[in-house]
Amino acid sequence: MPKAFLLADLGTQHNFSKVRLNLGGASEEMFGCRDKCSCAWWQHCYPWLVVATRAGQDAKTSQYFDVGVCGDAVPVMVVYLVLTFASIVWVVVSAHILAVPNC
């Protein structure tokens with residue numbers, strides 16, 4: 001997943017709110033959950049760093065801010081894994097039952 005970079009003037013207040021960003025995939029990413037916004041009940045707020053630099057200065061003076069990005073929570077990913085594994089086992093067993101003649 002590519003990282004998003006934000007170039008901002010450090011002299012202003014940084015107020016990162018909820019932002020939806022489509023990175024070219026099938027779903028949108030929800031940014032800004034570290035500050036004021038929260039994720040859905042089935043999601044978790046993972047770290048997502050953005051870079052802020054002053055205009056005309058190099059990257060050595062950059063500051064990093066963790067704005068957070070919403071993603072599937074670990075228990076939800078475990079459920080996905082178990083359901084996928086069970087589906088594959090069911091397909092293999094069903095194909096075996098159908099392929100073996102009854103004696």
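**Exercise 1. The salt bridge**

Find the partner of R34 in its salt bridge, and work out which parts of the chain the pair ties together.

*Solution.* Start with the side chain of R34 in this predicted model. R34 pairs with D66, and their closest N and O atoms sit 2.8 Å apart. That passes the cut-off, which asks for a side-chain nitrogen of Lys or Arg within 4 Å of a carboxyl oxygen of Asp or Glu.

Next, place the two ends. R34 is in the loop between β2 and β3, while D66 belongs to strand β5 (residues 63–66), so the bridge ties together parts that are 32 residues apart in sequence.

Then check the cover. R34 has a relative accessible area of 38%, so it counts as partly exposed. D66 is partly exposed as well, at 33%. Don't go hunting for another bridge: a search of the whole structure turns up one.

**Exercise 2. Pairing the cysteines**

How many disulfides does the structure hold, and which cysteines do they join?

*Solution.* The count is two. Take C33 first: it is bonded to C45, with an S to S distance of 1.9 Å. C33 sits in the loop between β2 (29–31) and β3 (43–46), C45 sits in strand β3, and the two are twelve residues apart, so this pair links distant parts of the chain.

Now the other bond, C39 to C70, with S to S at 2.1 Å. Here C39 lies in the loop between β2 and β3 and C70 in strand β6 (residues 69–72), so parts 31 residues apart in sequence are tied together.

Last step: number the bonded cysteines along the chain, and the pattern reads 1-3, 2-4.

**Exercise 3. Handedness and burial**

Is the disulfide of C39 and C70 left-handed or right-handed, and what about that of C33 and C45?

*Solution.* Look at the torsion about each S-S bond. For C39 and C70 it is about -90 degrees, so that disulfide is left-handed. For C33 and C45 it is 85 degrees, and the link is right-handed.

While you're there, check whether the cysteines are covered. Buried means under 20% relative accessible area. C33 comes in at 11%, so it is buried. C45 is buried too, at 15%, and C70 is buried at 5%.

**Exercise 4. Around strands β3 and β6**

Which residues does H44 contact once its neighbours within four places in sequence are left aside?

*Solution.* First locate H44: it is in strand β3. Its contacts beyond those neighbours are C39, V69, C70, G71, D72 and A73. Two members of that list are the bonded pair C39 and C70.

Now go for backbone distances. The C-alpha atoms of H44 and A73 are 4.9 Å apart, though their positions lie 29 residues apart in sequence numbering. V69, in strand β6, has its C-alpha 5.5 Å from that of C45, with the two 24 residues apart along the chain.

Finish with exposure. At 41% relative accessibility, H44 is partly exposed, whereas V69 is buried at 6%.

**Exercise 5. A nonpolar surface patch**

Which residues form the nonpolar patch on the surface, and about how much accessible area do they have together?

*Solution.* Pick out W41, W42, V74, M77, V78, Y80 and V82; together they have about 760 Å² of accessible area. One of them, V82, lies in helix α1 (residues 74–99). For background, the accessible surface of the chain is about 7900 Å², and 64% of that belongs to carbon and sulfur atoms.

**Exercise 6. The whole chain, and how far to trust it**

In what order do the elements run from the N terminus, and which has the lowest mean pLDDT?

*Solution.* The tally is one helix and six strands, running β-β-β-β-β-β-α. Of the 103 residues, 22% count as buried. Among contacts between residues at least 6 apart in sequence, 53% join residues at least 24 apart.

Now the confidence. The chain averages a pLDDT of 75, and 66% of the residues score at least 70. Strand β1 (residues 19–21) has the lowest mean among the elements, 51, and α1 the highest, 96. Over residues 1–19 the pLDDT is below 50, yet this stretch has 48 contacts in the model beyond near neighbours in sequence.

Terms used. Residues are numbered from 1 along each chain as its sequence is written. This is a predicted model: local features need pLDDT of at least 70, side-chain atom pairs count only at pLDDT 80 or more; totals for chains, interfaces and linings use all residues. Side-chain values use heavy atoms; hydrogens and water are left out. Patches are made of residues with over 30% relative accessible area and no salt bridge: like charges are joined within 9 Å, nonpolar side chains (Val, Leu, Ile, Met, Phe, Trp, Tyr) within 5 Å. Accessible areas come from the Shrake-Rupley method with a 1.4 Å probe; for residues, only the protein chains shown count as cover. Helices (H or I, at least four residues) and strands (E, at least two) are DSSP runs, numbered from the N terminus. A disulfide is a pair of cysteine sulfur atoms within 2.5 Å. Buried means under 20% relative accessible area, exposed over 50%, partly exposed in between (1.4 Å probe, protein chains only). Contact means heavy atoms within 4.5 Å. pLDDT is the predictor's confidence in each residue, from 0 to 100.
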